[in-house]
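Subject: Structure for you to look at

Hello,

Here is the structure I said I would hand over. Please open it first and keep it in view while you read the notes that follow.

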Amino acid sequence: MLKRTLALAAGFALSLSASLTQAADVLRVSAIPDEAPTELLRKFKPLGAYLEQQLGMKVEFVPVADYPAVVEALATDRLDLAWLGGFTFVQVRLKTGNAIPLVQREQDAQFTSKFITADANVKSLADLKGKTFAFGSVSSTSGSLMPRYFMLQDGIKPETFFSRVGYSGAHDATAAWVQAGKVDGGVLNASVWDKLVAAGKVDTSKVKVFATTPTYYDYNWTVRGSLDPALAAKIKAAFLALDPANPEHKAILDLQAASRFIETKPENYKGIEDAARAADLLK
């Protein structure tokens, strides 16, 4: 009986070891859900295939329900790599103390948000006083935090300035709300706005940009702090190796709305943390 128990225990240990080895061979990747799930997956597929080739391991995209879910999954080692907004990165960094931002798009060093409306009489935020307004997700850097921060700096508190403030949950949803007349104005990230216009998914004869925020740091690719440093270095090198002169690479970069990727560091996001504290979004 003892021999049988020992044999079972040994078998369990072997199967556990095999499953852990298998898990280590899969890079679990996700992204904040700032666009429709189908769009996030479409954007990721070629990048995932490229990373598999570069890293020599399986890369799996793990969809998440909302922004806090990405923070929690990285903090509990259920994700290895994630595409984060500046504010989401700050939340992960404060929660874990060791999450590492690897790279950002070149344009993320000078990112902006666009204020939009379908009302021809709106020329500035002042013209939206007493009207309805939409942000994206509460946790969105470019769809909520930074536009709110800049509004507060101009003496505009959204909850008292507008008659109603809504949260669409995603940048493309904000544009759809404004175009459909669900709200009088809204704000979304400049990159998604440009993509929607280029794809003909927003009618610019109806919807217009009437203001743009000052620049700020935004998105990055972050790894959990407990990830093998050698693997983290390989991931960073893979992103930095994407060359717009290479047609296959350019297709990947275009889907990421990136001219190229550059290195980044935690210090770049101190301004985002300060803005979040000023907006009372960090305790």
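In what sense do strand 3 and strand 10 pair, and over how many bridges? The pairing is antiparallel, and there are four bridges between strand 3 and strand 10. One place to look is L81, which stands opposite V223 in strand 10. Strands of a sheet pair through backbone hydrogen bonds, and the pairing can be parallel or antiparallel.

Please note that this is a predicted model.

The chain as a whole

The chain has eleven helices and eleven strands. Its C-alpha atoms fill a box of roughly 80 × 45 × 35 Å along the principal axes. Of the 283 residues in the chain, 46% are buried. If you take the contacts between residues at least 6 apart in sequence, 78% of them join residues at least 24 apart.

The six-stranded sheet

Strand 3 and strand 10 belong to an open sheet of six strands, in the order 2-1-3-10-4-11. The pairing in this sheet is mixed. At its edges are strand 2 (58-61) and strand 11 (261-263), each of which pairs on one side only. Ignoring direction, neighbouring strands of this sheet are turned by 25° against each other on average.

Helix 9 (residues 229-240) packs on this sheet. Helix 9 touches strand 1, strand 3, strand 4 (100-105), strand 10 and strand 11, and its direction makes about 5° with that of strand 4.

F239 is a residue of helix 9. Is F239 buried or exposed? Its relative accessibility is 1%, so F239 counts as buried; the cut-off for buried is under 20%. Leaving aside neighbours within four places in sequence, F239 is in contact with L47, L51, L81, V103, W221 and F261. The L81 in that list is the residue that stands opposite V223. By contrast, A275 lies 36 residues from F239 in sequence and 29 Å from it in space, C-alpha to C-alpha.

Helix 3 and helix 4

The buried residues of helix 3 are Y67, V70, V71, A73 and L74. They pack against strand 1 (26-31), strand 3 (81-84), helix 4 and strand 10 (220-223).

Two packed helices are described by the angle between their axes and the distance between those axes. For helix 3 (residues 67-75) and helix 4 (residues 86-96), the angle is about 35° and the axes are 9 Å apart. Their crossing is right-handed. Helix 3 brings Y67, V71, E72, L74 and A75 to the contact, and helix 4 brings T88, Q91, V92, K95 and T96. Sorted by class, the residues of this contact are five nonpolar, three polar and two charged.

Both ends of helix 3 have a detail to check. At the start, a side-chain oxygen of D66 comes to within 3.0 Å of the backbone nitrogen of A69. Just after the helix, D77 has a positive phi of about 60°.

The five-stranded sheet

There is also an open sheet of five strands, with the order 7-6-8-5-9 and mixed pairing. The edge strands here are strand 7 (164-167) and strand 9 (208-212), each pairing on one side only. From one strand to the next, the twist averages 30°.

Within this sheet, strand 5 (residues 113-117) and strand 8 (residues 185-189) run antiparallel and are joined by five bridges. T117 stands opposite G185 in strand 8.

Which helices lie across these strands? Helix 7 (residues 171-180) lies across strand 5, strand 6 (132-135), strand 7 and strand 8, and runs at about 155° to strand 8. Helix 8 (residues 190-198) lies across strand 5, strand 8 and strand 9, at about 100° to strand 8.

The last residue to look at is N189, in strand 8. Why does N189 count as buried? Its relative accessibility is 2%, and the cut-off is under 20%. The side chain of N189 reaches the backbone nitrogen of S191 at 2.7 Å. Not counting residues up to four places away in sequence, N189 touches D34, F111, T112, S113, S142, H171 and Y219. You can select these residues one by one in the viewer.

Regards

Terms used
Residues numbered from 1 in each chain as written. Predicted model: local features only at pLDDT ≥ 70, side-chain atom pairs only at ≥ 80, totals over all residues. Heavy atoms only, no water. Axes fitted to C-alpha atoms, helices over the stretch in contact; angles between N-to-C directions. Helix = DSSP H or I, 4+ residues; strand = E, 2+ residues; numbered from the N terminus. Left-handed = near helix turned anticlockwise from the far one by under 90°. Contact = heavy atoms within 4.5 Å. Nonpolar A, V, L, I, M, F, W, Y, C, P; charged D, E, K, R; others polar. Pairing = 2+ DSSP bridges. Buried < 20%, exposed > 50% of the residue type's maximum accessible area, 1.4 Å probe, protein only. Polar contact = N/O pair within 3.5 Å; in protein donor to acceptor, adjacent residues only side chain to side chain.
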